Structures are given as C-alpha cells and as structure tokens.
Amino acid sequence: MPQVNLTVNGRSHTVEVEGRTLLVELLREKLRLTGTHVGCDTSQCGACVVHINGESVKSCTTLALQCEGAKVTTIEGLAKPDGTLHVMQEAFREYHALQCGFCTPGMVMSAIDLVQKHPEGLTERQIREGLEGNLCRCTGYHNIVKAIAAAAEVMHGKRDTLRPAEVMAAE
Amino acid sequence: MNVVTPFEGIGAAVKRKEDPRFLSGRGQYTDDLNRPGQAYAVILRSPHPHARIVSIDTSAARAMPGVVAVFTGEDLKGVGGLPCGWAVKNKDGSPMAEPPHPVLAMGKVRHVGDPVAVAIAETRAEAQDAAEAIRVEYEVLPSAGTIDGALAPGAAQIHDAAPGNVCYDWHIGDPAVADAAFARAHKVVVFETTNNRLIPNAMEPRAAIGDYDPATGEHTLITTSQNPHVIRLLMGAFVLNIPESKLRVVAPDVGGGFGSKIYHYAEEALVTWAAAQLKRPVKWTADRSESFMSDAHGRDHVTRAELALDKDGTFLGLKVSTRCNMGAYLSTFAPAVPTYLYATLLAGVYRTPVIYAEVKAVFTNTVPVDAYRGAGRPEATFLLERLVDVAAAETGIDRIELRRRNFIKADMFPYQTPVALQYDSGNYDATLDAALKAADWAGFEARRAEAAKRGKLRGIGCSTYLEACGIAPSHVVGQLGARAGLYEVANIRVHPTGSVTVFTGTHSHGQGHETTFAQLVSDRLGVPVANIDVVHGDTGKIPFGMGTYGSRSLAVGGSAMVKAMDKIIAKGKRIAAHLMEASVEDIEFDRGTFRVAGTDKTKSLTDISLAAYVPHNYPIEEIEPGLEETAFYDPKNFTYPGGCHIAEVEIDPDTGAISIVNFVAVDDVGRVINPMIVEGQVQGGVAQGIGQALLENAAYAPDGQLLSGSMMDYTMPRADDLPSVGVATHTTLCTHNPLGVKGCGEVGAIGSPPAVINAVVDALKGYGIRHVEMPATPAKIWSIIHGSRRMAAE
C-alpha cells in the first residue's frame with residue numbers, strides 16, 4: 001500500500017493509505033482526529049475544512065496522497081499547547097455562533113483563512129460571501145458573521161478584546 | 001471578603017458550557033465513536049420508486065475482500081416491522097390504514113432509497129464495494145410520486161392494506177355548522193396553496209453503531225437520536241423483541257435534528273440485529289445522498305381553504321380541506337402532524353367561531369414524511385396568514401386592521417377555540433405593536449418609493465402566528481391516538497460536596513440544554529453553573545424520558561426538574577431542621593441557604609448534602625441518607641407561543657432575485673431562561689423558514705424519482721442568502737407550568753414563511769397576482785413580472 005508523509009498539527013506522520021483514501025478519512029480513521037467532520041458527499045457543506053500549508057481546503061475532496069510533505073492544521077491544532085483557544089474559537093463562543101457544533105470546526109477553519117486573506121478588514125457582505133462554502137443549519141449565520149467580524153478586528157490588531165467595553169456594558 | 005459572582009440564574013445570557021468541546025474538535029458524535037472489532041455496514045437502496053424484487057443475488061458480494069456478511073429482507077423474516085407511534089381514525093371512526101414497514105424491503109420497494117440489502121465488511125470501503133456487487137433484479141411497477149398521482153383513478157396501488165393509497169380521511173368540526181356560518185357570510189374568500197416539501201438536512205448525517213455482549217446478553221445501540229428512550233421502547237418492544245433491561249440506547253452529541261432524528265429508523269434496528277448475529281460491533285453512517293432519500297421529509301400539503309367574513313371583516317367561519325403526503329410508509333409520528341398539530345391550530349390568533357377541517361393522508365412512492373421543525377404549525381400558519389392577507393386585499397380592509405379586528409384579545413384568556421385547544425395566555429396586539437415599531441411599518445411607503453427610483457420592487461409583509469408546544473397531557477394525547485405518554489423525567493443528584501448532576505430524559509442536539517438546565521437548577525439551588533452537569537442521551541444513565549421535539553424540553557423537562565428540586569428542598573429542610581434543632585415548618589430555603597425563619601441560623605446546601613451522605617449526626621430512623629430525587633412531570637396543557645414576524649423584501653425585476661432587506665421577529669416564548677440561546681433559536685428557525693419561503697424544495701418527478709438528491713440540487717440557505725434578523729421577545733407567562741415557559745425552538749420556522757411571501761406578494765402589487773407559491777424562486781418571480789408585462793403589451 002502506498003505511504004504518505006505529512007505533518008498534522010505539528011506532528012509528523014507516515015501513513016499507509018489506499019489510492020482512493022481521502023484526507024478526511026486519513027484524519028478521522030487513521031489519526032483519530034474526529035473534530036474534522038463529513039457533512040455531505042459533494043463538497044458543498046464545508047464541515048471538513050482544514051488548513052493545508054495555511055490555506056483552507058475541503059479535506060473530503062482531497063486525496064491523502066496529494067498531501068505528501070504538507071503541513072495540515074485541523075481544529076484540534078488551533079488552541080495553544082496550554083489550552084488557550086484561538087481568538088476565532090473564543091469569538092464563536094462569545095457570540096453564540098454555534099449550536100449543534102457539527103459545522104463549527106469547518107466554519108472556524110474557513111473563517112480564519114478568510115480573515116487572514118483580508119488584512120484590510122472585512123465587510124458583513126464579504127464575510128457572508130466568504131462563507132459560501134460552509135453550511136450551517138442551526139444558527140442562520142447571524143451570530144457566525146458577528147463572531148468573525150469581531151475576531152477579524154482582534155486578529156488584525158484593530159482592537160484588543162472581542163467585545164468593546166461599551167458594548168459589554170450595554171448588554 | 002466580598003466575592004462578586006456574576007448572576008447565572010434565570011434570565012442571564014450565560015455562555016454555553018458545551019461550546020469548549022465543540023470548538024476544539026472534542027465533540028463526540030456517533031461517527032466519531034468506534035468500538036473494538038467494529039465492522040462497517042453499507043446499505044443498498046432502491047433506485048426505483050416502485051418495483052417488485054424478482055431476485056437478489058448476493059454471491060458475488062459475499063466473495064469480495066473483507067466481507068463479513070450480506071443480509072436481505074429474507075434474513076430478517078423473524079424481525080418485526082418499524083412501528084407507527086400514532087393512530088388516527090377516519091371520519092367514520094374506523095382505524096387508519098397501517099401497512100407493514102419492513103426493516104429491509106420484502107418483495108417490493110416503494111420509494112427511491114428504500115433499503116434492500118446490507119453489506120457488512122472490515123472497512124467501509126470494502127462494504128461499499130460489496131454493496132455495489134449485489135445484483136437485484138427488479139420488475140419496475142407503475143408509481144405515484146405526487147398526492148394527485150396517488151389519488152388518480154387507476155393509480156398504482158402502493159400497499160395492499162391501503163386501498164386507493166389512502167391512509168386516513170379525518171376531520172374535525174361539524175360541516176353542517178360550518179355551512180350555516182357560511183350562509184350568513186357577506187364575503188367568502190377562497191384560497192388554495194401547496195406547502196412545499198422540505199428535506200431537513202441536519203448537518204450531521206444519521207449514523208448508528210450496534211453492539212452485543214454475549215456475556216451479559218446486553219445490546220447497545222449508539223445512534224443519532226433526539227429521543228433514545230423512545231428508540232429503546234419502539235425497537236425493543238416492536239422490532240427486535242429485546243426487553244428494556246437488555247437494551248441500552250445512547251445518543252451522544254448529535255449534530256442537529258429539527259425533527260428528522262425523532263423517528264425510529266430501519267438502520268438502527270439493522271445494526272443492532274446484525275451485531276447480535278455477528279457477535280461484533282457494526283457501524284453504519286449515512287452519506288448525504290442517503291440522508292436525502294432516507295431521512296423523513298417534512299410538510300407537503302395541498303390545501304383549499306374558504307374564509308367567511310361579515311361586512312366589517314369579522315371572521316364568521318373557516319373551512320379547510322387538506323391532502324397531505326405520508327410518503328411510502330408511516331414514519332413514527334407522521335399521522336399526528338397534519339391532524340393534531342395542524343388542524344387544531346387553524347384558529348391561529350383569531351376568534352373564528354366555527355372551523356371545519358378535513359384531512360386526507362395519502363401514500364405515495366416517496367420518502368416517508370413526518371415532523372420537521374414546526375410540524376403542522378407552519379402549514380397552518382402559512383395557510384391562515386396568507387388567507388388573511390388575501391382577504392384583506394379582496395375586502396379592501398387594511399391587512400393589519402383586519403388582523404386586529406379578529407385577534408383574540410389579551411383579556412380573553414383562557415380562550416377555548418372551536419378546534420379543541422384552550423390557549424392559556426398571550427397578547428397578540430402587543431407583539432404586533434412591537435414588531436410594527438421595530439420594522440418601521442409606518443415609514444414603509446417612503447422606502448418603497450425610494451426603491452422604485454432605483455428600479456427595485458419593495459414589499460413588506462407580516463404574519464401574526466400562534467403555535468402549540470410542550471406536547472402534551474398524556475391522557476389527552478392517548479385519546480387522540482398517541483401510543484405513548486408524553487411526560488418528562490428528571491433526576492437530580494446533589495453530591496456529598498455540593499456539586500450537582502442533572503439527568504434529563506430530553507436530549508440536546510444544538511439547543512444548549514447543558515447550559516439552560518444548569519441555569520435553571522443554579523437559580524433555585526444556588527449552586528454555580530460550573531458545578532452543575534447535565535447528563536442526557538443515555539438510557540443506561542437516565543431513568544426514562546420521551547426526548548426532545550415540539551419545543552418541549554424546557555416546558556416539560558424543565559418542569560420535571562422543578563418537581564425534583566422541590567423534593568430535594570423538602571428533604572433538605574428536614575435535615576436542616578435536625579441539624580439546627582428547629583421545627584421543619586420554620587425552615588426557609590432560598591438559593592442554597594436553609595435558614596431558621598427570623599434567625600441568623602443557617603446551613604448551606606453543602607452542609608446538608610454532606611450530612612445526607614455522611615449521616616453521623618442524622619435522623620436515620622426518619623430520613624434515608626443521600627440527596628437525590630426523581631420526578632416525572634406530565635404537562636397540563638400545550639403551551640402557546642405566539643408573536644409577529646415582519647419581512648421586508650426588494651425584488652430586482654430584471655432577474656427576479658429577491659433580497660430580504662429587513663426581518664423582525666417579536667416572539668412571546670414565555671419566561672426566558674437564557675436570552676442569548678433564545679435569540680439563537682429564533683434566528684436559526686427564521687433561517688429555515690426563509691429557506692422554505694425562498695429556496696428549498698424537495699423536488700420529485702411525477703413517477704417518484706427524487707430530483708433534489710444532493711446539496712447541489714436542494715438549495716440550502718447559505719450565509720449570503722440570509723439577512724441579519726432582529727429578534728425581540730415580549731413575555732406573557734404560561735399559566736400552567738411552574739416555570740411560566742412556552743418554548744422557542746420552532747417559532748422562527750413557523751412565523752417567518754408567510755411574512756416573507758406576504759412581503760413578496762406586496763412587492764408584486766400591480767402585477768395582477770394574488771399569491772406566489774413557495775419557494776418563491778427568481779425564475780417564478782421573473783415569470784410573473786415578465787408574463788405580466790407581456791400581457792400588458794398584447
């Protein structure tokens with residue numbers, strides 16, 4: 001059986017896979033990283049989004065063998081070693097941007113890439129269009145959009161905390 | 001030292017306890033779980049809507065690498081069929097047709113997706129290969145993919161037990177009384193509509209793992225369910241003949257349900273049965289295509305309604321005739337949806353004195369239809385709220401004024417409707433007023449004029465809705481045909497050092513119960529939310545329960561918790577009385593502190609729990625040790641959330657594209673425990689309602705071939721399809737449960753579709769239409785605009 005060498009969340013792995021094995025299957029079945037989900041068969045839902053070399057990719061449409069030498073980051077690899085969550089993860093909690101949690105890992109991974117690609121900042125419209133590849137059935141996206149907007153400002157150093165003090169006081 | 005702890009009780013927007021695990025990829029959904037020695041099942045499904053199975057050849061499949069077993073319907077002959085949990089009677093009192101629903105098809109397949117065989121192998125890929133190698137010879141039969149097709153003379157006969165494909169022909173009310181009311185009418189408004197069929201599409205596809213322990217004889221099913229105890233009851237008693245004591249059903253983290261994960265599905269019985277046959281765990285996970293053709297669908301009604309009005313617009317009577325699609329088999333609660341969750345809601349928020357409704361349920365060669373978010377109430381609400389707008393247009397009475405003239409007023413509660421329900425509380429004028437203000441209804445015409453200057457058609461629409469939640473008093477649903485009680489169960493365990501575990505028979509699959517219920521208990525017992533764990537979804541841990549659907553978890557399950565806490569406090573008072581040498585009658589309890597009335601003598605809940613588990617100084621002759629109580633709560637009535645939704649839309653006449661430029665929801669969901677979660681529930685519900693109104697449609701060819709079989713064909717709402725939704729609540733308390741709560745899970749999906757379509761019709765004022773069917777796609781809108789222009793030109 002062919003082998004693939006790749007780094008996942010900072011750890012290097014050599015894994016035997018079939019030619020047809022998808023990256024998401026490698027992550028879920030071989031490495032037991034089950035935070036990356038499969039929600040559809042047609043690359044529509046984005047529950048499987050991970051980062052390959054820093055770019056968001058649908059791991060259900062990526063063959064494991066395509067990832068030779070790649071650096072893969074999954075939802076499990078976002079928090080710091082001491083458990084501190086990534087600001088995007090914090091923002092999702094702060095703004096109630098998740099309900100059942102199934103789409104959340106892919107949504108967070110897509111959102112981080114979207115923000116990183118737009119250092120100039122993002123409008124609500126751009127965030128909504130940037131989420132085209134991710135489906136959520138629970139939230140109606142309203143709070144996801146708010147969470148990403150807030151996280152974007154913190155990630156780009158435009159403010160220090162997810163909720164400005166005056167907003168928190170008003171709530 | 002003054003320690004300031006933030007308020008976490010009833011009314012606080014506490015951040016969710018479940019979020020850290022979901023955000024870090026540590027959720028445990030069914031497909032994330034694996035058991036040692038597990039094999040994988042892949043199901044071969046019918047590609048035909050209706051066919052006789054001539055033969056099945058599994059020999060090639062059995063010889064494939066890694067194959068453990070291949071089973072067909074013949075192998076499951078000793079297994080019972082999937083039961084229906086609700087029996088509806090015909091007009092003449094005779095029982096509905098209830099044809100068998102085999103776990104794997106026997107002799108015939110009746111819808112695309114009907115399971116025919118299962119291949120089980122060492123890996124999922126090998127099982128897939130094997131399933132593809134099963135050779136089935138079909139004799140394709142004539143089929144009926146629509147209600148009309150199934151009722152047509154000479155239509156294909158789907159079940160021997162259902163002549164003419166009719167499941168039941170039911171009614172409520174007295175047609176003669178309705179006719180008498182109509183005879184006095186100044187005007188009768190007739191309205192016909194189809195409520196489009198929807199596919200729930202929870203983001204987590206269904207999955208199930210069966211396991212069997214030969215040493216204990218215990219079967220385990222891990223499944224994506226909203227109600228594991230119901231699955232245990234139905235599968236154990238009716239399908240596999242396993243006593244409850246030997247069957248554990250676990251529903252771990254579940255990725256959304258919206259109704260589709262209430263029902264007992266064939267795959268659950270299949271993996272449980274196969275695991276016992278093979279003496280090893282068997283796992284099945286649906287791919288999305290299977291979800292489309294095997295998860296129960298929703299809605300699918302065709303209705304004709306007539307509203308009788310007097311000269312000043314007062315409603316005199318309503319007659320409704322509905323035909324509804326059951327699909328190919330009866331799903332678990334399917335018969336109840338178009339009857340007791342639909343026709344009984346046809347009074348809505350209005351004082352219509354006479355209502356007659358008849359409902360004919362029809363079998364077709366399509367996936368079974370059952371409850372989907374709202375279940376019957378969205379169909380009733382859409383019909384009423386469109387009908388009222390049509391009546392307003394045809395009588396010339398302003399649509400807001402017509403609603404107000406017919407509202408049940410705030411001082412009329414309790415209000416008995418002519419269709420069986422008695423509403424306990426509400427204030428429909430107040431929610432309407434709040435919504436009109438929030439949406440700036442008064443300023444709309446200026447916005448319409450401004451949009452017109454930009455070449456856009458702008459419209460505004462409202463719906464004033466009511467629904468019924470918290471299903472329901474057991475003796476009532478029993479009379480109506482339910483084959484179960486609908487109470488809920490809570491067990492509350494105060495541990496020796498004062499932390500608390502709450503065991504609930506409801507199930508959380510996105511609703512945030514682990515937080516809301518902890519707040520509820522914290523508010524009463526004074527224990528910090530962080531020290532309260534809520535356990536759900538495991539028949540091995542929780543005494544019993546009926547699960548989560550119909551926005552019942554807080555109204556029924558939360559009320560059971562209140563009862564259990566009452567017992568904890570009552571016992572705690574007796575222990576406190578002993579410890580403080582006072583009489584029980586003198587002990588007061590408030591948020592974690594037992595006090596001798598009028599003194600500064602107190603004991604904390606932790607003092608009491610410690611004494612209860614370390615009973616050294618303890619009245620052991622009179623009081624048992626321990627501090628744990630169980631309560632069953634049977635609701636006294638449904639709860640009746642209601643409110644007003646307003647949508648404002650803009651249509652591009654060149655493309656027919658509709659954008660929702662503003663959406664306001666003002667809902668009365670009773671007392672709010674966590675406003676952040678309530679707002680999220682409403683926003684999510686509204687998104688599904690907008691999806692129904694503008695985007696979603698389960699499309700079938702006339703013969704029953706599923707056309708919208710993937711997320712490429714079925715339009716799921718995406719972030720850029722939806723607006724930001726303004727949510728507010730206006731509270732009247734439920735009068736018959738101890739929390740005053742009503743339920744918030746479905747209001748969004750119920751109130752929003754007619755608000756959107758009313759806005760679309762309003763925008764198209766001047767194009768000679770009175771209605772647009774859902775989903776109002778750009779193609780439909782473009783045809784209306786350009787058809788009308790063409791007619792004008794001719």
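The exercises below, each with a worked solution, concern the nonpolar cores and aromatic pairs of a predicted model.

**Exercise 1.** Find which residues touch the most other members of the largest nonpolar core, and which helix gives the largest share of this core.

*Solution.* Begin with the core itself, which holds 98 residues, and in which Phe92(A), Leu694(B), Val760(B) and Leu764(B) touch the most other members. Next, look at where its members come from: helix 18 of chain B, residues 747-763, supplies nine residues, the largest share. Finally, take Phe92(A) and set aside its neighbours within four places in sequence; its contacts then include Met107(A), Ile144(A) and Ile148(A), as well as Leu23(B).

**Exercise 2.** Decide how the pair formed by Tyr487(B) and Phe544(B) is classed, and which parts of chain B the pair ties together.

*Solution.* The ring centres of Tyr487(B) and Phe544(B) are 6.3 Å apart and the planes stand at 35°. Pairs with planes under 30 degrees apart count as stacked and those over 60 as edge-to-face, the rest being tilted, and this pair is therefore tilted. Tyr487(B) lies in the loop between helix 13 and strand 19, while Phe544(B) lies in the loop between strand 21 and helix 15, so the pair joins parts 57 residues apart in sequence.

**Exercise 3.** Determine whether Tyr487(B) and Phe544(B) are each buried or partly exposed.

*Solution.* Buried means under 20% relative accessible area. Tyr487(B), at 21%, therefore counts as partly exposed, whereas Phe544(B), with a relative accessible area of 18%, is buried.

Conventions: Residues numbered from 1 in each chain as written. Chains lettered and ligands numbered in written order. Predicted model: local features only at pLDDT ≥ 70, side-chain atom pairs only at ≥ 80, totals over all residues. Heavy atoms only, no water. Core = buried A, V, L, I, M, F, W, Y, C linked by side-chain atoms within 4.5 Å. Buried < 20%, exposed > 50% of the residue type's maximum accessible area, 1.4 Å probe, protein only. Helix = DSSP H or I, 4+ residues; strand = E, 2+ residues; numbered from the N terminus. Contact = heavy atoms within 4.5 Å. Phe/Tyr/Trp six-rings, centres within 6.5 Å; stacked < 30°, edge-to-face > 60°.
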